[in-house]
Amino acid sequence: LHVSSKCISDHHLLLRRGFASEASPDRKVTVLGAAGGIGQPLALLMKLNPLVSRLALYDIAGTPGVAADVSHINTRSQVAGYVGEEQLGQALEGSDVVIIPAGVPRKPGMTRDDLFNINAGIVKSLSAAIAKYCPNALVNMISNPVNSTVPIAAEVFKKAGTYDEKKLFGVTTLDVVRAKTFYAGKAKAPVAEVNVPVVGGHAGITILPLFSQATPKANLPEDEIKALTKRTQDGGTEVVEAKAGKGSATLSMAYAGAIFADACLKGLNGVPDVIECSFVQSNVTDLPFFASKVRLGKNGVEEVLGLGPLSEYEKQGLESLLPELKASIEKGIKFANQS
Ligand code: NAD
Ligand code: LMR
């Protein structure tokens, strides 16, 4: 008995060693806009992720300090800070996942589309650099308006001949995070067990949470579902107003961005059944991009999942969001193809 249990424990150790090296290949993650309100806590959360072996922090200013600070944390990844356009190439080279929270945030009274004039140009130039230095990376677009910045990146990649629709993601995870939190409160369900798909896009009514598919089931009355839907759609504005001119969601966004990047890394590493909602190239509707559940794999998007059964209220919500989402997508495509 003694011998056999030793054998088992040796075997266990070997398996665990094998597991450690096989499950944790070298993975470089780059954050563009790493010194910002989202970028800093996101850098912290990515430093805590054991799947990351190299963490590159890029911004137009301030990254040496952020990188020095984060690099002292005793976790796996090697951290490097890059500042200014001349260091962008180095920040991107060899990257597996590029997360983009670069750009200006909203102030009270603004829509996400009001950010277009500044952020579209930022995203266009960062996407051109990605096409040049790490064309195979998975791109996690956080910069707003996501409904337009994702199409901009796609057009830039197409022009560069590097576009792979499986590798471009608009990060809508914060909508899911909010829907889960708000639903758990109303349904009196343990929040860690709650799941709610959120589809459409990432702005106002284009954010469509599917509470009819929420689990655990709670059979909430229609007026509560409507209130939950509205709160999820206006979640960003709730934070913008509470911050009263000091920006938009940063901490909850960093959390959501870290969840989504982790899902991408798990997919790349071959973990099965990794599913998150994301705004991707899609055949789910007639629009070229749409957020829905996506299965992540070794090449990025493995499968774009359908909508599933919708309630009447959700069917109406879907109909109403399509024109706005279409216009935002077209605006991005048009901008990217100018000049
Ligand atoms: P912030 O102003 O605090 O930080 C933005 C950072 O981007 C700054 O450090 C700035 O120097 C940097 N930057 C600007 N131009 C750059 C460039 N060309 N290259 C690299 N970095 C550049 O803003 P924030 O609060 O971190 O928000 C960033 C963006 O994320 C905004 O557009 C905001 O609307 C968006 N956002 C999206 C979601 C979402 O759910 N997808 C949630 C929250 C915020
Ligand atoms: C959010 O949903 O919090 C972000 O898109 C930021 C914003 O402007 O609302």
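These notebook entries record what I looked up in a predicted model of a protein chain with two ligands.

**Conventions.** I number residues from 1 along each chain as its sequence is written, and I letter chains from A and number ligands from 1 in the order in which they are written. Since the model is predicted, local features need pLDDT of at least 70 and side-chain atom pairs count only at pLDDT 80 or more, whereas totals for chains, interfaces and linings use all residues.

**Overall fold.** I looked up the secondary structure and found 11 helices and 11 strands in the protein chain, where helices (H or I, at least four residues) and strands (E, at least two) are DSSP runs numbered from the N terminus. The radius of gyration, taken over C-alpha atoms, is 21 Å, which agrees with the value near 20 Å that a compact globule of 339 residues would have under the rule of 2.2 Å times the number of residues to the power 0.38. The C-alpha trace spans about 65 × 55 × 40 Å along its principal axes.

I then noted burial: 48% of the 339 residues count as buried, a residue being buried if 20 or more other C-beta atoms, placed from the backbone, lie within 10 Å of its own, exposed if 12 or fewer, and partly exposed in between. Of the contacts between residues at least 6 apart in sequence, 70% join residues at least 24 apart, with contact defined as C-beta atoms, placed from the backbone, within 7 Å.

**Core.** The largest nonpolar core (buried Ala, Val, Leu, Ile, Met, Phe, Trp, Tyr and Cys residues joined through C-beta atoms within 7 Å) holds 100 residues, and those with the most contacts inside it are Val31, Leu57, Val98, Ile100, Val139 and Ala153. Helix α10, residues 251–268, gives the most to this core, with 10 residues. I followed one of these core residues, Ala153, and found that it touches Val123, Ser127, Val139, Met141 and Leu168 when residues up to four places away in sequence are not counted.

**Helices α2 and α3.** In α2 (residues 39–47) I listed Gly39, Gln40, Leu42, Ala43, Met46 and Lys47 as buried. Seen down the axis of α2, these buried residues fall within an arc of 165 degrees, so they line one face of the helix; the arc is that of the directions from the helix axis to the C-beta atoms. They pack against β1 (28–32), β2 (54–59), α3 (63–71), β3 (78–83), β4 (97–100) and α10.

In α3 the buried residues are Thr63, Val66, Ala67 and Val70. They cover an arc of only 95 degrees around the axis, which puts them on the same side of α3, and they pack against α2, β2 and β3.

**Ligand shells.** For ligand 1 I counted 32 surrounding residues (near means a C-beta atom, placed from the backbone, within 6 Å), of which the closest are Gly33, Gly36, Gly37, Ala102 and Asn144. Helix α5 (residues 116–133) supplies the largest share of this shell, 3 residues. By class the shell has 18 nonpolar, 12 polar and 2 charged residues, where Ala, Val, Leu, Ile, Met, Phe, Trp, Tyr, Cys and Pro count as nonpolar, Asp, Glu, Lys and Arg as charged, and the others, Gly among them, as polar.

The shell around ligand 2 includes Pro105, Arg106, Arg112, Asn144, Leu174 and Ala249, and it divides into 5 nonpolar, 4 polar and 2 charged residues. Helix α9 (residues 235–243) gives the most to it, with 4 residues.

I took a further look at Ala249, which lies in the loop between α9 and α10 and is buried, with 23 other C-beta atoms within 10 Å. Leaving aside neighbours within four places in sequence, Ala249 is in contact with Leu174, Gly236 and Val239. The C-alpha atoms of Ala249 and Gln40 are separated by 13 Å, although the two residues are 209 apart along the chain.

**Backbone geometry.** The peptide bond from Asn144 to Pro145 is cis, with omega near -5 degrees, and Pro145 sits in the loop between β5 (138–141) and α6 (146–160). The bond from Thr215 to Pro216 is also cis, with omega near -10 degrees, and Pro216 lies in the loop between β8 (207–209) and α8 (222–233).

Asn219, found in the loop between β8 and α8, has a positive phi of about 50 degrees although it is not a glycine, and it counts as exposed with 6 C-beta neighbours inside 10 Å.

How values were computed. Two residues are in contact if their C-beta atoms, placed from the backbone, lie within 7 Å.
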